[in-house]
Amino acid sequence: MAIATEKATDARLPLHYRFTRYLRSHFIPAIGILGLIYLFVPIAVVFAFSFNDRLPNGRGSVSWVGFSTDAWTNICVDPNICRAVGTSLQIGVLSTIAGTVLGTMIAFALVRHRFRGRQSTNLTIFLPMATPEVVLGSSLLALFLSTRIPLGIVTVLIAHVMFTISFVVVTVKARLAGLDPRLEQAAMDLYADEKQTFRYITLPLVAPGIAAAALLAFSLSFDDFIITYFNKGPSITTFPVYVWASAARGVPPQVNVIGSLMFFGALALVLLAQLAGKVKRR
Amino acid sequence: MALTLTPGVPMAPGGEAPPERVKRKGKTAYFLLIPGMAWLVFFFVIPLGSLFLTSLERPLGSGPSAGYTSALRWQNYTEAISKYDTEFLRSFWYAGLATIVCLIISFPLAYFIAFRAGRWRNLLLVLIVAPFFCSFLIRTYAWKTILADDGFITTFANSLNLLPDDRILATPLAVVFGLVYNFLPFMVLPLYASLERIDPRLIEAAADLYARPWIGLQRVTIPLAMPGIVAGTLLTFIPATGDFINSQLLGSPRTRMIGNVIQTQFARDALPTAAALSFSLMAVILVVVFTYIRRAGTEELL
């Protein structure tokens with residue numbers, strides 16, 4: 001009923017007014033959808049090119065050669081590619097664990113405690129995020145070179161933990177600061193001691209923030225090229241470094257397979273987590 | 001990050017804010033801080049200091065292979081900057097342009113997700129982040145395929161006579177395009193986070209008081225979204241300025257940015273030049289960041 005009367009009045013409005021109203025209600029969704037398409041065009045290309053055939057000389061090609069599922073059935077045909085993915089996963093997991101623990105501790109200190117040197121602490125956490133990756137990578141390299149620390153997996157790990165800490169602090173801090181302190185006070189009023197309050201109230205409430213921070217840290221580490229490139233030394237090849245190096249010879253379609261797998265894997269993981277959350281709430 | 005704002009967690013939506021937490025004093029704070037802060041001091045602050053010393057080193061012979069010795073050679077800075085001033089300016093120009101384009105695309109996108117998406121909100125947020133799990137080098141290569149000279153987009157734009165160089169690849173357009181693409185989520189997510197916190201009743205109130213939608217946006221929505229706009233522009237601008245991947249893969253020698261120069265100088269062992277350039281870049285960025293934060297009147301990032 002209401003809709004019908006609105007339509008009727010709508011028709012009597014002057015044309016330019018109806019036009020701006022139409023624009024207003026459809027413009028924002030249209031831009032939103034265009035933005036999403038823009039984000040997904042390269043993903044579609046990556047997925048499509050994972051079915052690309054190789055050139056007759058066995059090299060990968062940037063343009064379409066022919067349809068083949070070969071890359072999907074023989075992902076590790078070049079053992080270096082799978083070794084590189086393995087290295088990246090290893091570095092990603094280790095630096096995520098270290099970065100998340102260290103960053104979460106700092107976030108707790110910042111939100112929960114009073115201490116001297118708060119300003120300089122905040123600045124030290126903010127600065128790595130305000131520093132371009134070339135500068136982060138090159139300054140660490142300069143340090144390693146001057147102290148003669150051999151480049152390798154250890155130096156890459158050191159670098160990755162360093163740049164993930166700040167992002168973890170910011171993410172966990174946001175979650176912690178949004179918590180209602182009355183919940184913890186209630187637990188204490190009900191005779192929970194500090195440990196119990198932390199274990200049964202604080203930690204479960206902060207957990208999603210910590211999980212988000214860990215996910216962010218892992219994706220930053222797994223995807224990092226610039227800082228890794230500076231500090232890896234000749235012996236280490238992470239997945240992005242492999243992609244970079246293989247570009248000269250033509251990126252093999254297997255790289256696109258791994259890109260697609262990462263994408264669908266992450267999507268499935270996040271959607272599963274969302275579903276699990278929904279089921280739990282019921 | 002924003003995904004974690006699930007219902008069921010008391011966030012006092014729109015109502016009274018939870019009471020201020022009483023901050024505890026004691027030694028626990030230092031116990032929590034020391035491991036992480038030590039890591040940052042050893043592997044971020046000290047390297048920066050050592051980079052600064054490197055930037056003042058004096059060459060022992062002619063050419064980088066002869067090595068360097070510590071000195072206070074401030075000329076390194078003037079020499080490096082005057083030699084690479086084009087790349088410097090170009091980096092800030094490309095990064096600034098990319099940031100503005102990102103903001104123009106991201107604001108409606110974030111607004112849509114925050115106010116119009118309803119129950120699709122979480123799914124849309126996941127979709128914004130999801131492309132990030134497909135390595136950024138791979139995605140940039142994909143753009144190389146899409147924008148290729150014989151590709152659909154270039155042919156189409158050429159048939160309309162839109163391109164001055166008859167191609168997209170290897171032009172500044174391609175580099176800025178790549179920068180916009182790669183840093184878009186860094187703009188969308190903070191924007192979303194601050195738009196989502198706005199009470200929609202405030203925007204309605206503006207409309208009830210006869211503010212035209214444009215005025216309401218200008219006077220209510222944008223000021224309230226300012227922390228997100230500041231965070232988003234910084235998170236886009238800073239990495240875009242130092243980036244060398246997009247220029248390397250999508251551009252040409254004519255689109256070289258300062259990141260490319262720093263990287264090649266390091267590869268050539270011209271450490272003082274590379275260090276002086278890195279330090280100048282960082283100094284300019286910090287000045288830009290702090291003036292910007294002052295101007296925008298928000299220190300939420302700090």
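In the predicted model, the side chain of B:Thr233 reaches the backbone oxygen of B:Ile229 at a distance of 2.7 Å. B:Thr233 lies in helix α10 of chain B, which spans residues 226–242. A further polar contact, of 2.9 Å, links the side chain of B:Thr233 to that of B:Tyr292. B:Tyr292 also appears among the contacts of B:Thr233 that remain once neighbours within four places in sequence are set aside; the others are B:Thr99, B:Leu103 and B:Met187. B:Thr233 is counted as buried because its relative accessibility is 9%, under the 20% limit for that class.

The setting of this residue is a chain of 302 residues, of which 49% are buried. The secondary structure of chain B consists of 13 helices and three strands. When contacts in chain B are restricted to residues at least 6 apart in sequence, 68% of them join residues at least 24 apart.

Chain B also forms an interface with chain A. To this contact chain B contributes 91 residues and chain A contributes 96 residues. The two chains bury about 8,800 Å² between them, and carbon and sulfur atoms account for 78% of that area.

Polar interactions across the interface were counted separately. Eight residue pairs, both members at pLDDT 80 or more, are in polar contact between chain B and chain A. One salt bridge is found across the interface. The salt bridge is formed by A:Asp223 and B:Arg139, whose closest N and O atoms are 4.0 Å apart. On the side of chain B that touches chain A, helix α1 of chain B (residues 28–54) supplies the largest share, with 21 residues. The residues of that side comprise 68 nonpolar, 15 polar and eight charged residues.

Strand pairing also connects the two chains. Strand β1 of chain A (residues 113–114) and strand β1 of chain B (residues 24–25) run parallel and are joined by two bridges. Within this pairing, A:Arg114 stands opposite B:Lys25 of β1(B).

Key. Residues numbered from 1 in each chain as written. Chains lettered and ligands numbered in written order. Predicted model: local features only at pLDDT ≥ 70, side-chain atom pairs only at ≥ 80, totals over all residues. Heavy atoms only, no water. Contact = heavy atoms within 4.5 Å. Buried area = accessible area lost by both parts, 1.4 Å probe. Salt bridge = Lys/Arg side-chain N within 4 Å of Asp/Glu carboxyl O. Polar contact = N/O pair within 3.5 Å; in protein donor to acceptor, adjacent residues only side chain to side chain. Helix = DSSP H or I, 4+ residues; strand = E, 2+ residues; numbered from the N terminus. Nonpolar A, V, L, I, M, F, W, Y, C, P; charged D, E, K, R; others polar. Pairing = 2+ DSSP bridges. Buried < 20%, exposed > 50% of the residue type's maximum accessible area, 1.4 Å probe, protein only.
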